[in-house]
Amino acid sequence: MKTNRRKFLTQSTLGAGVLGLLPAFAAEKAPAAKTAGFLTREPAMKLGTVTYNLAQDWDIETIIKNCEAAQFQGVELRTSHAHKVEVNLGKDERDRVRKRFADSAVELMGLGSAFDYHTPDQGKLKSDIAATKEYIILAHDVGARGVKVRPNGLPKEVPKEKTLEQIGKALRELGEFGDSHGIVIRLEVHGAGTSLLPNIKAIMDAADHKNVGVCWNSNQTDLDGDGFDHNFNLVKDKIFSVHLRDLFLEEYPFRKLFARLNEIQFTGYCLAEIPSSTDPVRVMKYFRALWLAYQGLL
């Protein structure tokens, strides 16, 4: 039977119109689509974001909504940002933060502090350690698993070895305190001089605590000295988390980084620490796709 062309086009247009109504309905009734069926295998690592800078202006609801939309599994909340998860929160407010993340598909994997322990002022050092302990308690109360701290330089008036040992001893004290609260300490590879991996290794040796590890920071200085593989090997047994810059940067060996992380069977978080965007979810989706593709998973 022949079909009249005008009738066919009319029916097709009506059909398309009906189909156009489906996404809004489906969004309310169906769970988010999973792309696992198109992956060669599930990634061993997890993907999340740091609120600095991409999400610095987002409240908790926006963080969760955007992370769920982009299939980001976790978040590190950096201090001083719009989510306002700070030590001044009372018990009820801390409980609400914990419950909100627990009821979502997004894990509060950590809190990101700006504490450092390189100062030659011993009074300030003690104050910073005490303040970090308050932050560790906050992390416990809101359901985070760890606290990120950092070194931030090498004072010129102090021998380098002395500063590195001081940072390490401070981390050991915090590691012991965190251990009693179920919180790990993640030292970001950060700061002028302190971001060099041999110096981070010296800090880890001085800390010498199972609860203290490294937050790999994807710095260009990772390639200094004897090169990427040598520097990675210095701390590979202590990597607790990873911060990532924009993955399109050709100056950094991201594919090699992911290969090495998978080689050591790293199952922690890789966190996007990327600039803000007017179209953040779209950027996050592209970031996830490239993260998967660099591992040969997509």
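# Briefing: an eight-strand barrel

Helix 9 (residues 280–294) lies across strand 1 (46–50), strand 7 (239–244) and strand 8 (269–272), and runs at about 140° to strand 1. Keep in mind that this is a predicted model. The protein has nine helices and eight strands, and the eight strands close into a barrel with parallel pairing.

**The barrel**

- Going round the barrel, the strands come in the order 1-2-3-4-5-6-7-8. From one strand to the next, the twist averages 30°.
- As background, strands of a sheet pair through backbone hydrogen bonds, and they can do that either parallel or antiparallel.
- Strand 2 (residues 74–78) and strand 3 run parallel and are joined by five bridges. Across this pair, G74 stands opposite E107 in strand 3.
- Strand 4 (residues 146–149) is linked to strand 5 (residues 184–188) by four bridges, again in parallel. G146 has V184 in strand 5 as its bridge partner.
- Helix 5 (residues 160–179) packs on the sheet here, touching strand 4, strand 5 and strand 6 (212–216). The direction of helix 5 makes about 150° with that of strand 5.
- Strand 6 and strand 7 also run parallel, with three bridges between them. One pairing to look for is V214 with its bridge partner I239 in strand 7.

**What's covered and what isn't**

- Of the 298 residues in the protein, 45% are buried.
- The protein exposes about 15,400 Å², and carbon and sulfur atoms supply 54% of that.
- Why is strand 3 (residues 107–112) largely enclosed by the rest of the structure? Because five of its six residues are buried.
- Strand 7 is mostly covered too, with five of its six residues buried.
- If you take contacts between residues at least 6 apart in sequence, 81% of them join residues at least 24 apart.

**The nonpolar core**

- In soluble globular proteins, nonpolar side chains tend to be buried together.
- Here the largest nonpolar core has 72 residues, and L171 and L257 touch the most other members. Helix 4 (residues 122–142) gives the largest share of this core, seven residues.
- Which residues does L171 touch, not counting those up to four places away in sequence? They are Y117, V149, I185, L187, I203, M204, A207 and V212.

**S113 and S80**

- S113 sits in the loop between strand 3 and helix 4. With a relative accessible area of 0%, S113 is well under the 20% cut-off, so it counts as buried.
- Leaving aside neighbours within four places in sequence, S113 is in contact with T79, Y135, V147, K148 and V149.
- S113 and S80 are 33 residues apart in sequence, and their C-alpha atoms are 8.9 Å apart in space.
- Is S80 buried or exposed? S80 counts as exposed, at 57% relative accessibility.

**M284 and the cysteines**

- M284 is found in helix 9, and it is buried, with a relative accessible area of 0%.
- Beyond its neighbours within four places in sequence, M284 is in contact with L54, W58, N66, C67, A70 and F72.
- M284 and I274 are 10 residues apart in sequence and 9.5 Å apart in space, C-alpha to C-alpha.
- C67, one of the contacts of M284, is itself buried at 0% relative accessible area. C270 is buried as well, with a relative accessible area of 0%.
- A disulfide is a covalent bond between the sulfur atoms of two cysteines. How many disulfides does the count give? The count comes to zero.

**Backbone oddities**

- Most residues other than glycine have a negative phi, and most peptide bonds are trans. The next few spots go the other way.
- The peptide bond from Y52 to N53 is cis, with omega near 0°. You'll find N53 in the loop between strand 1 and helix 2 (60–70).
- S80 has a positive phi, near 80°, and is not a glycine. Its place is in the loop between strand 2 and helix 3 (91–102).
- K84 is found in the loop between strand 2 and helix 3. Although K84 is not a glycine, its phi is positive, at about 60°.
- K84 is exposed, with a relative accessible area of 59%.

How values were computed: Residues are numbered from 1 along each chain as its sequence is written. This is a predicted model: local features need pLDDT of at least 70, side-chain atom pairs count only at pLDDT 80 or more; totals for chains, interfaces and linings use all residues. Side-chain values use heavy atoms; hydrogens and water are left out. Two strands pair if DSSP finds at least two bridges between them. Helices (H or I, at least four residues) and strands (E, at least two) are DSSP runs, numbered from the N terminus. Axes are lines fitted to C-alpha atoms, for helices over the stretch in contact, and angles run from 0 to 180 degrees between N-to-C directions. Contact means heavy atoms within 4.5 Å. A disulfide is a pair of cysteine sulfur atoms within 2.5 Å. Buried means under 20% relative accessible area, exposed over 50%, partly exposed in between (1.4 Å probe, protein chains only). A nonpolar core is a set of buried Ala, Val, Leu, Ile, Met, Phe, Trp, Tyr and Cys residues joined through side-chain atoms within 4.5 Å. Accessible areas come from the Shrake-Rupley method with a 1.4 Å probe; for residues, only the protein chains shown count as cover.
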